[in-house]
Each structure stands twice: as C-alpha cells, then as structure tokens.
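Here are some notes for your first look at this one. Keep the model open as you read.

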Amino acid sequence: MTSVAGDALLTLAAIAGAACILLVVAALLFDVGIVLFRTGSMSPTIPAGSAALVREVPVGELHVGDVVTVDRPGRLPVTHRIVAIDDGGAGGARRLTLRGDANPVDDPQPYEVPTARIVLASVPGVAPVIGSMGHPAVIGGLTVGATALVVWAFWPRRRREPPPPPPVDPREPASTTATTASLVIALLAVAAATVAQAPMSASAAVEESVVQGQVLRLTAIGDPELMQRMTPGDTVAWEVGISADAPEPGTIDVGMIGSGDAGLGLVVEASWCAVRWTGGACDDPVPLLAPEPLPVDGVAQELLTMTTAEQRWIRFLVTMPVSGSDAAGLADLEVHAVGSGDEVRIGTAPGSGAGLGATGLDATVPIAAAAASACVGALLLRRARRLGR
C-alpha cells in the first residue's frame with residue numbers, strides 16, 4: 001500500500017514539474033506570461049487576487065476594448081482596458097489611452113509603446129498561490145521535499161522472508177518507481193532553476209495610506225511590493241504629503257528617521273513640491289536631500305519647516321547600490337511631523353513588517369538544492385538498477 005502511495009505522489013510531483021517546464025517553454029517561444037493582480041482596478045472583470053495569461057503582440061494588432069499590460073519605466077506594469085488608440089507614435093509605436101474598469105477616469109497620461117501584452121484569460125483567487133510559488137524559499141522547500149519523498153521510496157526495508165533475487169538483466173529498464181523518481185528530480189531541477197530566475201509581472205500595486213492626528217495629516221504613497229523586493233541597482237519612490245487643519249496659524253517641523261540593516265547600503269534623495277506629484281513629476285520641485293546613505297541609527301533628521309496653511313509633498317527616491325549591498329535585509333524610512341500641539345508619523349513599514357530592501361533567500365539556494373536533488377536521484381536510480389527493483 002505504501003509503495004502505491006509513493007508511486008502516486010512521485011507521479012503527481014512529476015506532472016507538476018512538467019507543467020512548470022511547459023509554462024517556461026511557452027513563455028520563451030510564444031511570448032506568453034502571467035500577470036498577477038494585487039488591486040481591484042479591473043474589477044469586476046478581473047478582481048484583485050486574479051492571475052491572467054498574457055501574450056505579447058505588436059501594438060498594431062490591438063483594438064479598443066482589449067485588456068492589455070504595458071510596461072512603465074521604473075515602475076510595475078499596469079493592466080487596464082484600451083479606451084483610445086492614437087496612431088501618432090514614432091517608429092511604429094502608438095499611444096494607448098487606458099482605464100481600469102473600476103476607475104472613474106482614464107489613466108493620467110497615454111502610454112506610447114510598440115508592443116503590449118494582451119490578456120488571453122484570467123482565473124480569480126490564484127494570485128497569492130502563484131506569487132508564493134516564485135519565492136526562492138518555497139522553491140527550495142519543494143525541491144528538498146521531493147528529494148525526501150524519493151529517498152523514502154527507495155529506502156531499504158527488511159523483509160521477514162525475502163524471496164530469492166531474480167537475475168538482473170542490465171538491458172532491462174528500471175522499475176516504474178525508479179523511472180518516475182528520476183523524472184521528478186530532473187524536472188524539479190530544471191523548474192527550480194528557471195522559475196527562480198524568471199521575472200514575474202504584476203499589476204500596478206501603488207498603495208495610499210493616511211495617518212490623521214488631531215490637527216496634522218500624513219499621506220504616504222508607494223508600492224510595498226517593490227520596496228521589499230529591491231535588488232542591486234533598483235530605485236523605488238515613496239511620496240509623503242504633509243497638511244494640517246489647524247484652528248490657528250502655526251508652524252510644522254518635518255523630519256525623517258531611518259532604521260534597519262546598514263549592510264543594505266541604501267542611498268536616499270528627496271525633493272518637495274507644493275502640490276501632489278503627478279506621474280513622478282512636479283512643475284517646481286525643490287531639492288531637499290542630495291543622494292546620501294540612508295541613516296539607520298534611529299535618530300531624527302530635520303527636513304523642513306512649513307506653516308499650517310501650506311502643503312508639502314516630499315518624494316523620496318531610495319536606491320540599492322549595485323555593489324556593497326547584502327543579499328537580504330530590511331530598512332525603514334519614517335517621516336514625522338510636529339506642530340500645533342500634535343505629532344504624527346508614518347513609515348514605509350507601518351505595522352506590516354515590510355519596508356525597504358530585499359527579503360528571502362538568494363536564488364542560488366534553490367538552484368543548488370535542485371542540483372543536489374538531481375545527483376541524489378541519479379544515485380538512487382543506479383542503486384535501483386543494481387537491486388533490480
């Protein structure tokens with residue numbers, strides 16, 4: 001009975017590994033990919049938590065009404081419906097005006113692109129599962145688990161009355177269990193290596209959070225997924241708006257506090273604008289911080305002083321340098337405001353445990369585990385042949 005159960009589990013694992021490889025091959029040969037939706041901007045057509053299958057096509061093949069994913073430099077791609085197409089683009093590109101089905105207005109500006117990824121189909125509720133499968137720790141765990149399953153299937157067991165061993169013909173193929181086990185290990189080795197290195201797209205997931213005091217208000221805008229998945233060379237933006245509803249005129253002192261892992265070597269720069277930034281731009285930006293290492297000592301650093309009748313929108317750009325950064329770790333950047341008898345603060349990790357930096361294992365870990373599993377599978381297969389199992 002246990003042998004049958006082992007064969008069944010190994011077969012299921014082999015099927016899962018084959019499915020992973022088929023997806024990778026489709027992505028390479030047919031420009032097919034997966035988009036994960038973390039927001040509900042396309043609801044109810046594509047609700048939050050859905051996963052969509054997309055294929056890259058020339059922009060000339062698109063029509064009004066198509067749901068497409070377009071890339072945005074320095075930011076996550078956005079997946080919305082085409083409401084207008086302008087043929088005035090240069091070099092074969094066209095300007096696409098997009099709008100999410102749940103949004104009352106079009107996106108702030110058209111996207112001029114030569115190609116886009118058209119949504120072929122979507123499945124609701126599977127984005128969290130797919131997203132977790134791409135994490136290096138999960139891939140490594142699945143690989144090690146498959147190895148343990150194979151070792152259990154081949155582990156020598158004592159028999160009370162072992163039958164005489166049949167003659168072994170070296171030309172005879174290995175048993176079903178041995179063949180399936182070797183297939184599992186080989187597929188998982190390839191799948192772990194390809195999935196760990198393949199990029200995964202996601203829909204735009206910029207979040208806005210507000211902290212309201214008795215008088216002061218802080219509004220933070222950023223993408224927490226981008227912030228905590230930084231890699232060397234990445235730059236992420238974080239905007240904080242400061243305003244007040246004070247009964248009497250006064251002043252507000254604004255500062256920042258950095259904390260976390262100094263080994264990340266993060267560099268921060270900042271500018272402020274009197275109005276909210278639009279698409280990362282401002283008509284009259286005022287430099288506030290030149291690029292400098294993000295302080296992580298937890299000590300407050302003064303940024304600016306404003307009146308209660310004014311607004312200030314600070315845009316921070318945090319960069320992880322190409323060299324000199326640890327592979328994993330987190331840091332937090334916090335803005336605090338004091339004035340009119342009130343004090344409020346907001347950070348990149350407001351109670352979520354997230355923040356700025358990189359989390360998880362390095363991609364080499366699951367790849368090494370897959371390679372080790374392949375070696376174990378080969379040794380077990382050789383042993384099975386010798387024993388004639």
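1. Start at V254. Setting aside neighbours within four places in sequence, V254 is in contact (heavy atoms within 4.5 Å) with I242, E302, L303, L304, M306, I314, V335, H336 and A337.

2. Now the wider setting: V254 is among the 34 residues of the largest nonpolar core, and W238, V240, I242, V254, I314 and F316 are the ones that touch the most other members. A nonpolar core is a set of buried Ala, Val, Leu, Ile, Met, Phe, Trp, Tyr and Cys residues joined through side-chain atoms within 4.5 Å. There is also a second, separate core of 13 residues, including V59, L96, Y111 and I118.

3. A word on the source: this is a predicted model, where local features need pLDDT of at least 70 and side-chain atom pairs count only at pLDDT 80 or more, while totals for chains, interfaces and linings use all residues. Residues are numbered from 1 along each chain as its sequence is written, and side-chain values use heavy atoms, with hydrogens and water left out.

4. Have a look at E334, in strand β17 (residues 329-339). Its side chain makes a polar contact with the side chain of R345 (3.3 Å); such a contact is a pair of N or O atoms within 3.5 Å, and within protein one must be able to donate a hydrogen and the other to accept it, with residues adjacent in sequence counting only if both atoms are side-chain atoms.

5. Two arginines deserve a click. R312 lies over the face of W272, 4.0 Å from the ring centre, and the charged end of R315 sits over the ring of W277, 5.8 Å from its centre. The cut-offs are NZ of Lys or CZ of Arg within 6 Å of the ring centre and within 35 degrees of the ring normal.

Technical notes. Helices (H or I, at least four residues) and strands (E, at least two) are DSSP runs, numbered from the N terminus. Buried means under 20% relative accessible area, exposed over 50%, partly exposed in between (1.4 Å probe, protein chains only).
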